[in-house]
Each structure stands twice: as C-alpha cells, then as structure tokens.
Amino acid sequence: MAVDLAPTKRRTGVTQIPRVLRVLSYSPSIDTVMVRMAPGQSVKVWEDKAEIIADALGAIRVAVERIRPQVVGLVIERSEPFTEILDAPVMPADSSTVDLSAVYLGEDEYGADWSESLIGQHWLIAGATGAGKASLIWAPLRSIAPLIRDGLVRVWMVDPKRMELARGRDVAYQYASEPDEIVRLIDDFVEDCRATQRRHAADSKAKFAMSRQTPFNLLVLDEIAALLSFGKNNREIRKALEEIGTQGRATGHSILGEVQEPSKDVLPIRDLFTVRVCLRVTSAAHPDMVLGDGARLRGAAADEIPNDPSTAGIGFKIRTSRVPVRVRAAYVDDAEIAQLVRYVTTGFGFRVIQNDKFDDLDNDDDGPTGSIRVVG
C-alpha cells in the first residue's frame with residue numbers, strides 16, 4: 001500500500017493486492033522476491049516504482065525483472081555485496097585450460113564468478129577516472145596469459161595517454177602511443193582481419209578456429225574518446241573500427257575499448273560493442289548510454305556509486321533478461337602486471353633478447369612460432 005501498487009476496483013471497491021509467490025536469498029546482501037502483479041498492471045508500473053520500493057524496504061536498490069506474464073522478480077540489494085577487494089586472476093599454467101568463451105573477470109553480486117566471452121564479442125568498458133577500468137584490461141589478460149605466451153592470442157595495444165598500457169607493453173604483439181603509430185597499428189589490425197577473411201574464403205571456412213597459424217587477435221584501446229573525438233586522423237580510425245566491429249567476429253578479431261564519456265557524440269560506434277560494462281560514472285544518463293535504454297530504471301544506478309577508492313571495479317552489466325547485475329572486477333596491481341609480463345615473455349619457447357623484442361627458440365609444433373613486434 002505504501003508504494004501505491006495495490007489498486008482498488010472502481011465497481012466493487014475491492015483492493016487488489018499483489019501476491020508474493022516466492023522469496024529467495026542468494027547471499028547475505030541479495031534477496032529475490034517473485035510477485036504476481038495485480039490484474040491490469042505491467043512491468044513498467046513496477047519499474048517506475050523501483051526507487052520507492054527500495055526506500056520502503058530500506059534497501060540500497062531494487063531491480064525489476066519480468067519473469068513470465070503477470071509475474072515480476074524484484075532483486076533487492078539490502079547491503080553492499082562487495083566489501084573486499086578481489087584478488088587478481090591466477091594465471092593458468094597451460095593453454096588447454098583457458099576458455100575464451102568464459103574469461104574470468106571477477107564476481108557478481110550473488111558471489112558467483114563473473115566471466116565473459118571474448119570470442120565473437122567486442123567489449124566496452126565505461127567509467128569515470130578512478131572507477132577501475134584498468135582492472136578490466138589486466139584481469140582478462142592474466143586469465144588468458146598462457147594463450148598469449150604460446151602465440152595463440154595476439155594483443156594489440158593502443159595507448160594514447162601513454163600511461164596505463166605502457167606498464168604491460170611487453171605483452172603486446174604491437175604497441176603504439178604516438179598518433180601516427182596508432183594509425184599504422186590499427187591499419188595493420190584491419191589488414192590482418194582482411195587477410196584472414198581471404199584465407200577463410202580460400203579454405204571455404206565460415207567459422208574462426210584458433211591456432212598458431214590463425215591466432216585470436218585482441219585490439220585494446222585505452223581511451224577511445226582520444227582517438228575518435230580529440231585525436232588526429234579520427235575519421236580514418238573510426239572507419240577502421242567500424243570495419244572491425246562489423247566484420248571481426250568471423251575472423252577472430254575483437255576490440256576491448258575503454259571510455260570515460262559514453263555519449264554518441266564522443267563514441268559514435270557505441271552500438272558495435274556487444275559486451276558492455278558500466279562502472280562508476282558522473283551522469284545519470286550514462287548507464288542508459290552504455291547498457292541500453294531503461295537500464296538505470298531497472299537498477300543500474302552506476303552514477304550513485306561513491307567516488308571512493310574502495311569502490312574501484314564495481315559496476316553493472318546486463319544479463320540476458322536485460323536486468324542489470326552488479327559486478328566487481330578483480331584488482332590487478334603493478335606487481336601483478338609485472339608478473340604477467342614475466343610470465344608471457346619468459347614462458348616456454350621464448351627468451352628476451354631486448355627490452356621490447358622477443359625471439360623464438362623452438363621451431364617444432366610443441367612451442368609458439370614467430371616473433372613479437374612492438375611499435376613505438
């Protein structure tokens with residue numbers, strides 16, 4: 001009654017009270033309540049009341065999900081589920097244990113592992129300064145480290161700010177920070193995508209299969225806005241990224257991009273990203289820009305995450321039901337980034353011959369082949 005979700009029938013004067021069907025407690029901080037709505041109500045009526053319901057229940061937030069006709073699920077967050085920093089992902093010893101369709105990133109609000117697919121996907125990570133975007137670069141790279149070490153995954157790093165990615169540049173197949181170098185790197189990435197398309201056409205292959213001859217290629221863009229709005233050659237870069245975004249799925253070419261300002265003016269290629277995460281942002285409009293229309297109304301209040309170091313890496317993603325899920329990325333510190341670099345560069349089959357170059361020691365099928373070229 002307090003939230004005005006129990007309407008009264010005009011003719012009879014009977015109050016129609018929604019019926020609680022089931023209550024589940026997934027964790028000490030999260031409850032899920034299944035409710036049969038009153039006749040004539042829609043999910044939107046409950047979504048519009050989500051903040052009022054949260055206040056009435058003394059909860060931090062309430063997200064509303066359509067379960068089936070006339071039944072909604074209320075995800076009630078009673079307390080902050082993330083009270084501790086999550087340890088950096090352990091780097092597996094063997095490539096065979098790594099699944100690119102389920103790359104570990106951290107945990108969700110229910111205490112389950114948070115994993116996302118890199119194969120056939122492009123990732124967009126949005127967040128203000130200090131929101132923890134870097135964790136969603138280094139955590140996945142640690143999770144797939146054996147594949148990088150063994151030449152099955154090639155990482156292409158674009159670092160216009162010359163700060164975040166520079167710490168791990170020796171992991172990269174190519175690295176660029178200067179404007180002209182960035183353009184060349186992205187052009188090389190596009191040409192590699194096209195060459196793979198030509199090979200697939202010649203071999204009559206319609207699906208990408210990762211191997212040392214056809215590695216998976218990941219283009220990491222530290223700050224897309226610097227490339228598309230403020231950077232030199234932005235039109236050329238935009239056209240190249242549009243080509244990768246629309247055609248890279250079939251060739252094993254994916255983008256992991258990060259941005260502070262996710263508006264269309266700054267990020268016109270936003271809709272090409274298939275996996276999106278919204279960390280702490282500065283505007284109530286940003287969650288919808290990143291996660292889709294109505295995401296904030298359904299509970300993704302990323303603009304309400306406190307601007308405090310203890311909240312770094314906390315944000316929201318959308319699950320298949322379009323309901324936001326609160327997540328936290330594992331934290332990777334400088335020492336663990338250095339550990340990743342050592343793991344990749346001194347792993348089986350490679351030895352360091354210069355600070356930024358590597359030489360292959362094995363030419364048989366048991367080890368990686370080829371060399372790593374670092375730009376800039």
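**Exercise 1. Place P215 in the fold, and decide whether P215 is buried or exposed.**

Step 1. P215 sits in the loop between α5 (179–203) and β10 (216–221). Helices (H or I, at least four residues) and strands (E, at least two) are DSSP runs, numbered from the N terminus.

Step 2. Check the cover. P215 has 9% relative accessibility, so P215 counts as buried. The classes are buried (under 20% relative accessible area), exposed (over 50%) and partly exposed (in between), with a 1.4 Å probe and protein chains only.

Step 3. List the contacts, meaning heavy atoms within 4.5 Å. Not counting residues up to four places away in sequence, P215 touches G151, L152, V153, R154, F208 and G252.

Step 4. Take one distance. P215 and E181 are 34 residues apart along the chain, and their C-alpha atoms are separated by 23 Å.

A note on the source: this is a predicted model, in which local features need pLDDT of at least 70, side-chain atom pairs count only at pLDDT 80 or more, and totals for chains, interfaces and linings use all residues. Residues are numbered from 1 along each chain as its sequence is written, and side-chain values use heavy atoms, with hydrogens and water left out.

**Exercise 2. Describe the surroundings of I119.**

Step 1. Find the loop. I119 lies between β6 (113–116) and β7 (123–126).

Step 2. Assign the exposure class. I119 counts as partly exposed because its relative accessibility is 34%.

Step 3. Name the partners. Leaving aside neighbours within four places in sequence, I119 contacts L100, F208 and F216. F208 is also among the residues that P215 touches.

Step 4. Compare sequence with space. I119 and L21 are 98 residues apart in sequence. From C-alpha to C-alpha, I119 and L21 are 39 Å apart.

**Exercise 3. Work out where S25 is found and what S25 is in contact with.**

Step 1. S25 belongs to strand β1.

Step 2. The relative accessibility of S25 is 56%, so S25 counts as exposed.

Step 3. With neighbours within four places in sequence set aside, S25 is in contact with I30 and D31.

Step 4. S25 and Y110 are 85 residues apart in sequence, and 9.3 Å apart in space, C-alpha to C-alpha.

**Exercise 4. Examine phi at D4 and Q70.**

Step 1. Recall the background. Most residues other than glycine have a negative phi.

Step 2. Take D4. Its phi is near 60°, a positive value in a residue other than glycine. D4 lies in the segment before β1 (19–27). D4 is exposed, with a relative accessible area of 58%.

Step 3. Take Q70. Its phi is near 70°, again positive in a residue other than glycine. Q70 is in the loop between β3 (61–68) and β4 (71–77). At 30% relative accessibility, Q70 is partly exposed.

**Exercise 5. Count the disulfides and check the cover of C193 and C278.**

Step 1. Set the cut-off. A disulfide here is a pair of cysteine sulfur atoms within 2.5 Å.

Step 2. Count. The structure holds zero disulfides.

Step 3. Look at two cysteines. C193 is buried at 2% relative accessibility. C278 is also buried, with a relative accessible area of 0%.

**Exercise 6. Judge the overall build of the protein chain.**

Step 1. The protein chain has nine helices and 16 strands.

Step 2. Its radius of gyration is 23 Å, close to the 21 Å that the globule rule gives for 376 residues, so the chain is as compact as a globular protein of that length. The radius is taken over C-alpha atoms, and the rule is 2.2 Å times the number of residues to the power 0.38.

Step 3. Along the principal axes, the C-alpha atoms fill a box of roughly 85 × 40 × 40 Å.

Step 4. Buried residues make up 54% of the 376 residues.

Step 5. Of the contacts with a separation of 6 or more, 64% are between residues 24 or more positions apart.
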